[in-house]
Amino acid sequence: MLASHTFIPREGVGHTVAEEYLFTNYSLGLSAMKAGDFKNVQIFFHANREILENPDSGVWHEVMPSPYRYLEGLYLEKNGEAKEAEACIENVIFFSVNYFTNMYLPSLWF
């Protein structure tokens, strides 16, 4: 539903739709993992690499999808895809730290 509808959030809350999209794909990926549907696990986790193209629903800071990229990396590593896993985890480790990083993910190690 999130991908098939156009959302026009009010000024300053465009990331709200993106957060729901990220969490939905994450949740669907976990459900698929529990069901043993490993093809769909990768589809849902990979979907979080690109956010919706709807107006004002994108992520304007790279920190927001980072926890999901990290989880995707752990999944890939567990399934023997070390090179792809490393790329996901490096994406989380090597992004810039600034005001937005601290605002969105205050529990990170930096």
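**Exercise 1. Place Ala 85 in its surroundings.**
Task: Which residues does Ala 85 contact, leaving aside its neighbours within four places in sequence?

Solution.
- Step 1. Set aside the neighbours within four places; Ala 85 then touches Gly 73, Leu 76 and Glu 77.
- Step 2. Locate the residue. The model is a predicted one, and in it Ala 85 sits in helix α4, residues 82-93.
- Step 3. Check a distance. Leu 74 lies 11 residues away from Ala 85 in sequence, and the two C-alpha atoms are 6.5 Å apart.
- Step 4. Classify the exposure. The relative accessible area of Ala 85 is 3%. The cut-off for buried is under 20%, so Ala 85 is buried.

**Exercise 2. Do the same for Arg 69.**
Task: Determine whether Arg 69 is buried or exposed, and list its contacts beyond four places in sequence.

Solution.
- Step 1. Find the element: Arg 69 belongs to helix α3, residues 66-78.
- Step 2. Read the area. Arg 69 has a relative accessible area of 14%, so this residue is buried.
- Step 3. List the partners. Arg 69 contacts Arg 49, Ala 87, Cys 88, Asn 91 and Val 92.

**Exercise 3. Describe the packing of α2 against α3.**
Task: At what angle do the axes of α2 and α3 cross, and what is the handedness of the crossing?

Solution.
- Step 1. Recall the approach. Two packed helices are described by the angle between their axes and the distance between the axes.
- Step 2. Take both values. The axes of α2 (residues 38-47) and α3 come within 10 Å, and they cross at roughly 150 degrees.
- Step 3. Apply the cut-off. Angles over 145 degrees count as roughly antiparallel, so α2 and α3 are roughly antiparallel to each other.
- Step 4. Assign the hand: the crossing of α2 past α3 is left-handed.
- Step 5. Name the contacting residues. From α2 come Phe 38, Val 41, Gln 42, Phe 45 and His 46; from α3 come Leu 71, Glu 72, Tyr 75 and Leu 76.

**Exercise 4. Find the nonpolar cores.**
Task: How many residues form the largest nonpolar core, and which helix gives the most to it?

Solution.
- Step 1. Count the helices and strands. The protein has 5 helices and 0 strands.
- Step 2. Note the buried share: 35% of the 110 residues.
- Step 3. Collect the largest core. This core holds 11 residues, including Ala 18, Ile 51, Met 64, Tyr 68, Phe 95 and Leu 105.
- Step 4. Name the main contributor. Helix α1 (residues 14-34) gives the most to this core, with 3 residues.
- Step 5. Look for another. A separate core has 7 residues, among them Ala 32, Val 41, Tyr 75 and Cys 88.

Notes
Residues numbered from 1 in each chain as written. Predicted model: local features only at pLDDT ≥ 70, side-chain atom pairs only at ≥ 80, totals over all residues. Heavy atoms only, no water. Helix = DSSP H or I, 4+ residues; strand = E, 2+ residues; numbered from the N terminus. Buried < 20%, exposed > 50% of the residue type's maximum accessible area, 1.4 Å probe, protein only. Core = buried A, V, L, I, M, F, W, Y, C linked by side-chain atoms within 4.5 Å. Contact = heavy atoms within 4.5 Å. Axes fitted to C-alpha atoms, helices over the stretch in contact; angles between N-to-C directions. Parallel < 35°, antiparallel > 145°, perpendicular 65-115°, else oblique. Left-handed = near helix turned anticlockwise from the far one by under 90°.
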